[in-house]
Amino acid sequence: MFYCLLRFAHCSLQKKMPIANDIVGKWNFVSSENFDEYLKAVGVGWAVRTIATKTKPTLDFVIEGDEWRMTSTSTFKTFTLKFKLGVPFDDKTADGRDTGNVVTVENDRLIHVETGKNGGADSRIERYIENGKLIIVCSSGSAKSTRVYEKAA
């Protein structure tokens, strides 16, 4: 009974979160700052970093029930991240790192914590909407990158 009430409350809150309403849809890449430094900090090799910093991915966010899906599409690679808020999962990042993950919502921001496996670095990725733009702040150690996207027409 308690689980059912907790589950109902979780689903009800999820539907009322502005981030859930605002982030759904396609987003076009606008700009990036310090992305190479961030990728270096999380242990991505030179060749992949060089390609990754030159791509201009499109992001597509979909929410179906309690499952969220973010698909990043570029000329380099298509990568899909599927998750449920607050539920830990293992994944291989777009750049090939094995990570433990959990995604939550804090202060109307999607907070994605990656825990590096096999000696990999930990990382925190915040996604939020500001002035109609999707802002993504990636940090690991002292490295911090900001990427900006605008809603596709």
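Two strands count as paired where DSSP finds at least two bridges between them, and strands (E, at least two residues) and helices (H or I, at least four) are DSSP runs numbered from the N terminus. The model on display is predicted, so local features are reported only at pLDDT of at least 70 and side-chain atom pairs only at pLDDT 80 or more, while totals for chains, interfaces and linings use all residues. Residues are numbered from 1 along each chain as its sequence is written, and side-chain values use heavy atoms, with hydrogens and water left out.

**First stop: the hairpins**

Select β5 (residues 89–92) together with β6 (residues 98–106), an antiparallel pair joined by four bridges. Within this pairing, D91 has T99 of β6 as its bridge partner. Five residues lie between the two strands of this hairpin, and in it G96 takes a positive phi near 95°.

Next, extend the selection to β7 (109–116), which runs antiparallel to β6 and is joined to it by eight bridges. Here T104 is matched with I111 of β7 as its bridge partner. The hairpin of β6 and β7 has two residues between its strands, and N107 takes a positive phi near 50°. D108 is in the loop between β6 and β7, and its phi, near 60°, is a positive value in a residue other than glycine. With a relative accessibility of 34%, D108 counts as partly exposed, on a scale where buried means under 20% relative accessible area, exposed over 50% and partly exposed in between (1.4 Å probe, protein chains only).

**Second stop: the loop between β7 and β8**

Move on to N118, in the loop between β7 and β8; N118 also has a positive phi, near 55°, in a residue other than glycine, and is exposed at a relative accessible area of 73%. From the loop between β7 and β8, also select K117, which forms a salt bridge with D90 of β5, a residue 27 positions away in the chain. A salt bridge is here a side-chain nitrogen of Lys or Arg within 4 Å of a carboxyl oxygen of Asp or Glu, and in this pair the closest N and O atoms are 2.7 Å apart. K117 is partly exposed at 33% relative accessibility, whereas D90, at 56%, counts as exposed.

**Third stop: other salt bridges**

How many salt bridges does a search of the whole structure find? The search returns 12. One of the pairs is K26 with D60, with 3.7 Å between the closest N and O atoms; this pair links distant parts of the chain, since K26 is in β1 (residues 25–33) and D60 in β2 (residues 58–64), 34 residues apart. Both partners are partly exposed, K26 at 46% relative accessibility and D60 at 22%.

Then select E64 and R69, whose side chains meet in a salt bridge at 3.6 Å, N to O; R69 is partly exposed, with a relative accessible area of 24%. Finally, select E106, R109, R124 and E126 at once, as these residues are linked in a network of salt bridges.

**Last stop: the cavity**

A cavity is a set of points, on a 1 Å grid over the protein atoms alone, where a 1.4 Å probe fits but cannot get out, and lining residues have an atom within 4 Å of a point. Grid points are joined across faces, edges and corners, and a volume is the space filled by probe spheres set on the points. One cavity of 30 Å³ or more is counted, and the largest cavity holds about 600 Å³ of space. To centre the view, select F35, S72, F79, A94 and D95, the closest to its centre of the 30 residues in the lining. Helix α3 (residues 35–41) gives the most to this lining, with three residues.

Methods
On a 1 Å grid over the protein atoms alone, a cavity is a set of points where a 1.4 Å probe fits but cannot get out, and a pocket is an open set with protein on both sides within 12 Å along at least five of seven lines; lining residues have an atom within 4 Å of a point.
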